[in-house]
Amino acid sequence: MRKGKTIPEYTILRVLATLFVIFGHAMANNFTTEWFGVRTAIAYTGTAAALLAVLSDYIYKFHMPLFFFLAGALLKYTGAADKSFEEIIPKRFRRLMVPYIGCLLLYSLPVKVLTGIYNLPTAAYITTNIFLTTEYSGYLWFLYRLFVVTVFVWLLARYCMRRRPALGAAVILVCLFACVKLPVAFVLTVPAVMLLYTFLGYLFEYVRPRLTAAIQKYWYAAVLAVAAYGLWNVKGRILRVPLLGADNGYFAAMQDIAATVFPVLLDILAWYAIACLLSAIPRLAECRALRSLDENSMYIYLFHDPLNYLIMAAAGLLPGWVVGPAESLALIALRTVGILLVSWAVSPLLHRLDNDQRVVRWAMLICGLIFTTATVWVYAANLIP
């Protein structure tokens, strides 16, 4: 952000988005995967667990688009269009791709092998594909795609938006049409829809100051609007929309994209309104806990997900399990509050390690050796599913 200045509503929204990720991962129900004969299936039981699974489904519909939307808004706020390649790309790579590579090869995959989610051939195959696809990288897909998307939006902002704003919108539409015509992800597995959310976030920053002022001035109307939208959501009138179908016609597919993006944007705007209302509470934005969560949100994100597998393995619930209602609630509590607290406690240490250039260089050297070894093994032994 601009030096010495933060936006309270963005701070609150980023913390909320981080919490949504942790809760969504912990409450996901009926997860099944199979790799090289290693099969894992988990399921919660009981009414309360089923309701929490519905909440998880709701969170999954918008929480990652929210991150992309925020990234686009902050690109505009920080004046990215005025910055050179050297000022933007190396920093973004260091911020996003280095943690993606290091955390995947040195933390996430080893934990999944240790807990029986993956076996060594699976881990080796995933290692060889970390730069070609994010399909197998688990929760870390976000970092890879965010890097490519932000670079793309920076190019649009620098070379299109400053002189011809309509040209940037035209490029996004072309990408959407290409995504529909060729369902395979483009630009190293970056979906055009995530590019659209980032671009919309960039545009949102143009109106954000006036919108924030209006929400805080007419707070009672904002509360009523958010409450009405929440009730409408509960009845499923907005969120239950058709997704992109492979058998749909060309324009029908575009219509499906619009039907998917529009309700997600409404969710993002509703939570932005909530963040604006919360930011008006005296001293909330300066709260030490909130500031700590915001400053360490990246490291909480990096650390949290493999803890899920460690917890379930320690409880003897892997590689396949179904638990009762009481155990389901206890496990969900441990995988939400417990994981948040542990990740939060560890994040300052990760922050210091991330800022130690010697540690980073050694970590990348080890990752290079792992990648080389895995690639040789996969292709020599033909470990391709």
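Tutor: A nonpolar core is a set of buried Ala, Val, Leu, Ile, Met, Phe, Trp, Tyr and Cys residues joined through side-chain atoms within 4.5 Å. Keep in mind that this model is predicted.

Student: Which residues have the most contacts inside the largest nonpolar core?

Tutor: The protein has 385 residues, and 49% of them are buried. The largest nonpolar core takes in 98 residues. Inside this core, the most contacts belong to Y100, F142 and L143.

Student: Which helix gives this core its largest share?

Tutor: The protein has 13 helices and 3 strands. One helix, spanning residues 47-77, supplies 14 residues to the core, the largest share. That is helix α2.

Student: How far apart are the end C-alpha atoms of helix α3, and what span should its residues give?

Tutor: Helix α3 covers residues 85-114, which is 30 residues. At 1.5 Å a residue, the expected span is 44 Å. The two values agree: the end C-alpha atoms are 41 Å apart.

Student: Where is the kink in α3 centred?

Tutor: The bend is the angle between axes fitted to the seven residues ending at a residue and the seven starting there. In α3 the kink comes to about 45°. Its centre is L104.

Student: Is R283 buried or exposed?

Tutor: R283 sits in the loop between α9 (250-279) and α10 (288-295). Its phi is positive, near 65°. Most residues other than glycine have a negative phi. The cut-off for exposed is over 50% relative accessible area, so R283, at 74%, counts as exposed.

How values were computed: Residues are numbered from 1 along each chain as its sequence is written. This is a predicted model: local features need pLDDT of at least 70, side-chain atom pairs count only at pLDDT 80 or more; totals for chains, interfaces and linings use all residues. Side-chain values use heavy atoms; hydrogens and water are left out. Helices (H or I, at least four residues) and strands (E, at least two) are DSSP runs, numbered from the N terminus. Buried means under 20% relative accessible area, exposed over 50%, partly exposed in between (1.4 Å probe, protein chains only). The expected span of a helix is 1.5 Å times one less than its number of residues.
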